[in-house]
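Please open the structure in your viewer and keep the sequence panel at hand. The tour proceeds by selections, each followed by what is to be found there.

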Amino acid sequence: MKEWAKETPIIITEGCGSFLKDISGRWYLDGVASIWVTVHGHRKKEIDNAIKSQIDKISHSTLLGLTHPPAIKLAEKLVQVVNSSLVTRHSSLSKVFYSDNGSTAVEIGLKVAFQYWQHKGIKRKKRFLSLNNAYHGDTIGAVSVGGIDIFHNIFSPLLFKSYKAPSPYCYRCEFAKKFPSCKLFCLKKMEQVMQKHHQEIAGLIIEPIMQGAGGMIVSPPGYLKGVRKLCDKYNILMIADEVATGFGRTGKMFACEHEKVSPDILCLAKGITGGYLPLAATITTEKIYNAFLGEFKDLKTFFHGHTYTGNQIACAAAVANLEIFKKEKTLKTMQKKIEILKKGLFKITELPHVGDVRQKGFMVGIELVKDKKTKEPYPTGEKIGWKVCYKARKKGLIIRPLGNVIVLMPPLSISHQELKGLIQITAEAIKEVTEKMDRG
Ligand SMILES: Cc1ncc(COP(=O)(O)O)c(C=O)c1O
């Protein structure tokens, strides 16, 4: 805070498409989609109109004991889009529970999984298994299943205990040398934890395909499918946290689709409203839902409800967001852009201080290293990520680092030309900052 307070803050007053305008009239390319949320661009006409027309009817009424048309319509659409994307297994993902941000979607996923086993009479299942480098939000439950030391360690006295499995961070997977691959090593270690503790484990929570805030870590092909198989084998519910990866981010509607995996519980937020308003949904299978059915006196109720849960305007925006996906064939048109991004990133890979470039669709992490050969990281105090992003900002691009990893995460609607600009400025910023640091 001390250092940040010395900087002049950028005050954003307007947006349009892929761009943000500050109070002094300067425009910036929004290279992180306003923290991974903007889908079809800022001030998208259809979403603006949906919100305006909803306001003319009503802005909010509670979902506790009541419901409303936008929530009903959105739940129908979500179930439809989820089930057309994910290969459903024994029981379809058909029950939608609303809340208002990614962390709450995760808290709900964890609590539902826990309570499910309580209702089933398997009372010992009250722990969770999660991954190192995981990020599931900033509330206490979500932090308890998190795995990023720099964010989470200080809170450890407040957290509940959870079991940990290795992160499939192939670039830095030292142990994989003893195994044929990083994937096999990670799955083997996960299985060892499950073998020992499965009777206590209610659920496994995972960011499918891409661990986001942990450093944009892409899992090796087949890993997610392997995790699903292990959950089945050891009778553990699989909770997919698609808060960051959902709604087209990885090039498919949901990341689980890449490996034809379907979770038992799916957490959605961020892009759900196209990046307009806070809203989240935790979707469960019919089988889980049925375990909560009972007489009033049985108190099988899921006692969880936030005041602004399923807000009317947010749901209206989310309905419009999903309709645009269909109308504009967003997922189809972004495939060419993913290729352009890939090509551009190839040039960045060749820069002397770029250790690893990880991409899945429109989620990109560029890991900067002090020494490319030894993979020696830049020390935290050198603030390399921050310096590169600051340089990019001077050139008209807003991006944010995760430690030494530069994150690129543009709106899905970004044009080919804008995408080239994003890559160009990022490359220049990395080059200029690292060369300056080499010179001392
Ligand atoms: C995978 C994942 N889960 C959960 C969250 C928390 O979402 P929110 O910030 O809306 O609480 C995030 C946020 O970045 C995330 O990336």
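The stops below run from the whole chain to its domains, its core, and then individual helices and loops.

**The whole chain**

Begin with everything displayed, bearing in mind that this is a predicted model. The chain contains 14 helices and 18 strands. Its radius of gyration is 22 Å, close to the 22 Å that the globule rule gives for 440 residues, so the chain is as compact as a globular protein of that length. Along the principal axes, the C-alpha atoms fill a box of roughly 70 × 60 × 45 Å. If the residues are coloured by burial, 48% of the 440 count as buried. Among contacts between residues at least 6 apart in sequence, 72% join residues at least 24 apart.

**The two domains**

Next, colour residues 2-30 together with 329-439 as domain 1, and residues 53-327 as domain 2, following the domain assignment. The centres of the two domains, taken over C-alpha atoms, are separated by 28 Å. Their contact draws 21 residues from domain 1 and 18 residues from domain 2. Which elements give two or more residues to the side of domain 1 that touches domain 2? Select helix 12 (330-349), strand 13 (354-360), strand 14 (363-371) and strand 18 (405-408) to see them. Helix 12 gives the most to this side, with 5 residues.

**The largest nonpolar core**

Now select L268, A281, A317 and I406, which have the most contacts inside the largest nonpolar core, a set of 128 residues. Helix 11 (residues 312-327) supplies the largest share of this core, 11 residues. Why does the core lie between the domains? Domain 1 and domain 2 both give residues to it, so it lies between them.

Centre the view on A317. Leaving aside neighbours within four places in sequence, A317 is in contact with I47, A50, I51, T273, G274, Y276 and L277.

**Helix 11**

Extend the selection to the whole of helix 11. This helix has 16 residues and reaches 23 Å from its first C-alpha to its last, close to the 22 Å expected at 1.5 Å a residue. Of those 16 residues, 13 are buried, so helix 11 is largely enclosed by the rest of the structure. Step just past its end to K329, which takes a positive phi of about 50 degrees.

**Helix 4**

Move to helix 4 (residues 69-85). Its 17 residues should span 24 Å at 1.5 Å a residue, and the end C-alpha atoms are indeed 24 Å apart. Show the side chains of P70, A71, L74, A75, L78 and V82, the buried residues of this helix. Viewed down the axis of helix 4, the buried residues fall within an arc of 130 degrees, so they line one face of the helix. On the other side, E76, Q80 and S84 are exposed. The cover over the buried residues of helix 4 includes helix 3 (45-55), strand 4 (93-99), strand 11 (265-268), strand 12 (280-285) and helix 11.

**Helix 8**

Select residues 182-197, which form helix 8. Helix 8 has 16 residues and reaches 23 Å between its first and last C-alpha, close to the 22 Å expected at 1.5 Å a residue. Its buried residues are C182, K183, F185, C186, L187, M190 and M194. These buried residues pack against strand 6 (163-165), strand 7 (201-206) and helix 9 (223-233).

**Two loop residues**

Select M409, in the loop between strand 18 and helix 14 (416-439). Is M409 buried or exposed? It has 24 C-beta neighbours inside 10 Å and therefore counts as buried. Not counting residues up to four places away in sequence, M409 touches V32, A33, W36, F362, M363 and V364. Draw a distance from M409 to R249: their C-alpha atoms are separated by 8.2 Å, although the two are 160 residues apart along the chain.

Finish at G214, in the loop between strand 8 (210-211) and strand 9 (217-218). With 23 C-beta neighbours inside 10 Å, G214 counts as buried. Apart from residues up to four places away in sequence, G214 touches N133, A134, Y135, G147, I148 and S167. A last distance, from G214 to L402, gives 7.6 Å between C-alpha atoms for residues 188 apart in sequence.

Technical notes. Residues numbered from 1 in each chain as written. Predicted model: local features only at pLDDT ≥ 70, side-chain atom pairs only at ≥ 80, totals over all residues. Core = buried A, V, L, I, M, F, W, Y, C linked by C-beta atoms within 7 Å. Buried ≥ 20, exposed ≤ 12 C-beta atoms within 10 Å, placed from the backbone. Helix = DSSP H or I, 4+ residues; strand = E, 2+ residues; numbered from the N terminus. Domains from an automatic or database assignment. Contact = placed C-beta atoms within 7 Å. Expected span 1.5 Å × (residues − 1). Arc of directions from axis to C-beta. Rg over C-alpha atoms; globule rule 2.2 N^0.38 Å.
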